[in-house]
Amino acid sequence: MRQRLRAPIVLPCDPACSVLRDGAVDIEEDGRIGYVGPFSSAPGEAVLTELTGILLPGLVNTHAHTPMTVLRGMGGDLPLLRWLQDVIWPAEARLTASDMHAGMLLGSVEMLRAGVTTSVEMYFNLEELSRAVLRTGARAVLTGGIIEAPGFTWRKLLDEMNAMIDTHGLRFGPGDRIELGYGPHSAYTLSPEVLVEVASAARARDALMHIHVAEAALEDAAQRESHGSVPRLLESIGFFGGRVLAAHSIHLSDEDIAVFAANGVAVAHCPGSNAKLASGIARVRDLRAAGVPVGIGTDGPASNDDLDLWEDIRLAAMLARLSTMDASVLVASDVLLMATRGGADALGRTDIGALETGRWADIVHMSVDSPAFAGGVDVPDVQLLSNLVWAAGARQVQDVWVAGDQVVSLGETTLVDRAEAQAAAGAVTRRLIAGG
């Protein structure tokens, strides 16, 4: 039977970032939203749940390597390229499929508890990752990592990705919880010929391509010398044309931004990881002004080092303001939409990221029993959004639904025991530290 959630505040995350007071959200039997609006106008009969606080869409983490929870803290004070080449890639080559399952399971629990219902992953052993996500009840876009590095061969990884999509289809699982795509690592780890082959396979299957672009100033020196920039290289070889999500995209020129806009490329902005690795500050204002869809991502939990997207929401606004010396360049409503509706737009998805009729019922209930809301919710809309974004955060997440199923209750996951997930991931970490 239809479920009806009633709350003092409902944030549909429509383009205007409206604030509905005494609102309701109906969850239909198929796990989709049937109604969003004033409680007084809700149609028909439904099983009613009265909530205090705020309802909003589940957050969309547009760039992550979540199984790296088992690598958290390793090489944490190194710059990007040394961190990757000297610490992370050698450690990843020692991970088994079950290790990746343990890391993904813990990270999925961590994200759900922070109100993140969808994550876009670039990693390996997607069968194990999908099994972990389905265990927690979360949603994920799993893009198979394709790279040429110690322990990895691009051809084998690409063939495995093709076979998995051809077997399962692009989406599967209850509520279409799993979407599959391609994760060519970067233009500095793959040749133009390989990138062309990956792009051809992805376009043939209408699959998302998820690639690192211009993360560190010196990572792609050879590509810059030969083509001027990575965006121009990718355009020249015909990589664009399908669904492309460019992670980081920090070191872009005006021409690069125009290339992204002309080719419909979206950006996953990762301010926390970019700051921790001293990679730089992305030109978010200019990207948005050019019409480039921009979502927010955490990056991996070994480079951020957590999966709390609320922290990155705040950092996105603060770093944009600092880099432009303009306190109005990104306001609370802007970054809230970037983490919800904007993240869905960056993926080319119209079924998540907002509380709208027909979208999946991915819903977060946040408590207002907090100093952040000392003035209550009967404050002006702008102040309410400001308090939510700047002063509240993940600690206020109480309940979470994905495709209408409650997966977090009173701050803890309902389908997976957090202590057991932590113990399993911890065992992997201790083995790696011991050299196993």
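This report describes helix α4 of a predicted model, its packing against α5, and two buried residues.

Residues are numbered from 1 along each chain as its sequence is written, and side-chain values use heavy atoms, with hydrogens and water left out. In this predicted model, local features need pLDDT of at least 70 and side-chain atom pairs count only at pLDDT 80 or more, while totals for chains, interfaces and linings use all residues.

**Helix α4**

Helices (H or I, at least four residues) and strands (E, at least two) are DSSP runs, numbered from the N terminus. Helix α4 covers residues 154-168, and its 15 residues should span 21 Å at 1.5 Å a residue; the expected span is 1.5 Å times one less than the number of residues. The end C-alpha atoms of α4 are 21 Å apart, which agrees.

The buried residues of α4 are Trp154, Leu157, Leu158, Met161, Asn162, Met164 and Ile165. Buried means under 20% relative accessible area, exposed over 50%, and partly exposed in between (1.4 Å probe, protein chains only). Seen down the axis of α4, these buried residues fall within an arc of 165 degrees, so they line one face of the helix. The arc is that of the directions from the helix axis to the C-beta atoms. An α-helix has 3.6 residues a turn, so residues three or four places apart point the same way. The face turned away from the buried side of α4 carries the exposed residues Lys156, Asp166 and Thr167.

Among the elements that cover the buried residues of α4 are α3 (126-136), β8 (139-146) and β10 (178-184). Just after α4, Gly169 takes a positive phi of about 85 degrees.

**Packing of α4 on α5**

The two helices pack at an angle of about 5 degrees, with their axes 11 Å apart. That makes α4 roughly parallel to α5, a term for angles under 35 degrees. The contact (heavy atoms within 4.5 Å) is made by Trp154, Arg155, Leu158 and Asn162 of α4 and by Val194, Glu197, Val198 and Ala201 of α5.

**Two buried residues**

Ser108 lies in helix α2 (residues 97-113), and Asn162 lies in helix α4. The touched residues in the table do not count those up to four places away in sequence.

| Residue | Relative accessible area | Touches |
|---|---|---|
| Ser108 | 2% | Thr66, Val133, Thr136 and Ala138 |
| Asn162 | 15% | Tyr182, Ala201 and Arg205 |

Asn162 thus belongs to the α4 contact with α5, where Ala201 is one of the α5 residues.

Methods: Axes fitted to C-alpha atoms, helices over the stretch in contact; angles between N-to-C directions. Parallel < 35°, antiparallel > 145°, perpendicular 65-115°, else oblique.
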